[in-house]
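Reader: I would love a close look at one part of this model, a single side chain and the partner it pairs with. Could you then walk outwards from there, so that I see the surroundings too?

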Amino acid sequence: MKEYSYKEVKNVTKTGIIFKDGYELLFEECRNEWSIKNKININESYCVAERDSLEKIPYFLFYSKERVKVLFDKKGIHSKKKNKDEFQNLQNILNRFGVFTYDIT
């Protein structure tokens, strides 16, 4: 499994997430892997990840072939609010692109 801090996200596009190190996570691959794991037809789900906003370090776990965890791990003053805001921002972006995440909180 790969792990990235949210601050390592370079860009989120309709097709996936590009990280600053050049790694590209593709939503279609995640959707396919999610469907396989949950034994459902790929046409029945647009889910690409699971998320947990209540963990000590909130995260999204994307279901690419090599799972990718995006951590909201800022530290310091007001970090809890910043992490919460960035978590919600990513959730909103994903929804606008028509991909969804499963809430495990």
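What does Lys74 count as by its relative accessibility: buried, partly exposed or exposed?

Author: Happy to! Lys74 counts as partly exposed, because its relative accessibility is 32% (buried means under 20% relative accessible area, exposed over 50%, and partly exposed in between, with a 1.4 Å probe and protein chains only). Before we go on, please keep in mind that this is a predicted model, in which local features need pLDDT of at least 70, side-chain atom pairs count only at pLDDT 80 or more, and totals for chains, interfaces and linings use all residues. Residues are numbered from 1 along each chain as its sequence is written, and side-chain values use heavy atoms, with hydrogens and water left out.

Now to the partner. The side chain of Lys74 meets that of Glu86 in a salt bridge, 2.8 Å from N to O (a side-chain nitrogen of Lys or Arg within 4 Å of a carboxyl oxygen of Asp or Glu). This pair links distant parts of the chain: Lys74 sits in the loop between β7 (68-71) and α2 (79-96), while Glu86 belongs to helix α2, twelve residues apart. (Helices, H or I with at least four residues, and strands, E with at least two, are DSSP runs numbered from the N terminus.)

The loop that holds Lys74 has another residue worth a look. His78 also lies between β7 and α2, and its phi is near 65°, a positive value in a residue other than glycine. With a relative accessibility of 59%, His78 counts as exposed.

Let us step into the helix that carries Glu86. The structure holds three salt bridges, and one of them joins Asp85 to Lys81, with the closest N and O atoms 2.8 Å apart. Because Asp85 and Lys81 are four residues apart in helix α2, about one helical turn separates them. Asp85 counts as partly exposed at 40% relative accessibility, whereas Lys81, at 54%, counts as exposed.

A comparable arrangement appears in helix α1 (residues 27-37), where Arg31 and Glu28 are three residues apart, about one turn of the helix. Their closest N and O atoms are 3.2 Å apart, and the two form a salt bridge. Here one end is buried: Arg31 has a relative accessibility of 8%, while Glu28, at 49%, counts as partly exposed. Arg31 shares its burial with Phe27, Cys30, Glu33, Trp34 and Ser35 of α1.

Just after α1 comes Lys39, with a positive phi of about 55°. Lys39 is not a glycine, and its place is the loop between α1 and β5. At 75% relative accessibility, Lys39 counts as exposed.

What lies inside? The largest nonpolar core has 21 residues, and those with the most contacts inside it are Ile17, Phe19, Leu25, Phe27, Phe62 and Val70 (such a core is a set of buried Ala, Val, Leu, Ile, Met, Phe, Trp, Tyr and Cys residues joined through side-chain atoms within 4.5 Å). At least two residues of this core come from each of β2 (9-12), β3 (16-19), α1, β5 (47-52), β6 (59-62), β7 and α2. Helix α2 gives the largest share, four residues. A second, separate core has six residues, among them Trp34, Cys47, Leu61 and Leu71.

Two residues show the packing well. Leaving aside residues up to four places away in sequence, Leu25 touches Thr15, Gly16, Ile17, Phe19, Cys30, Phe62, Ser64 and Val68 (contact means heavy atoms within 4.5 Å). The other is Phe60 in strand β6, which counts as buried at 0% relative accessibility. With the same exclusion of residues up to four places away, Phe60 touches residues including Glu50, Arg51, Val68, Val70, Phe72, Phe87, Leu90 and Leu94. Phe60 and Leu90 are 30 residues apart in sequence, yet their C-alpha atoms are 9.3 Å apart in space.

That brings us back to your starting point: Lys74, in the loop between β7 and α2, is tied to Glu86 of helix α2.
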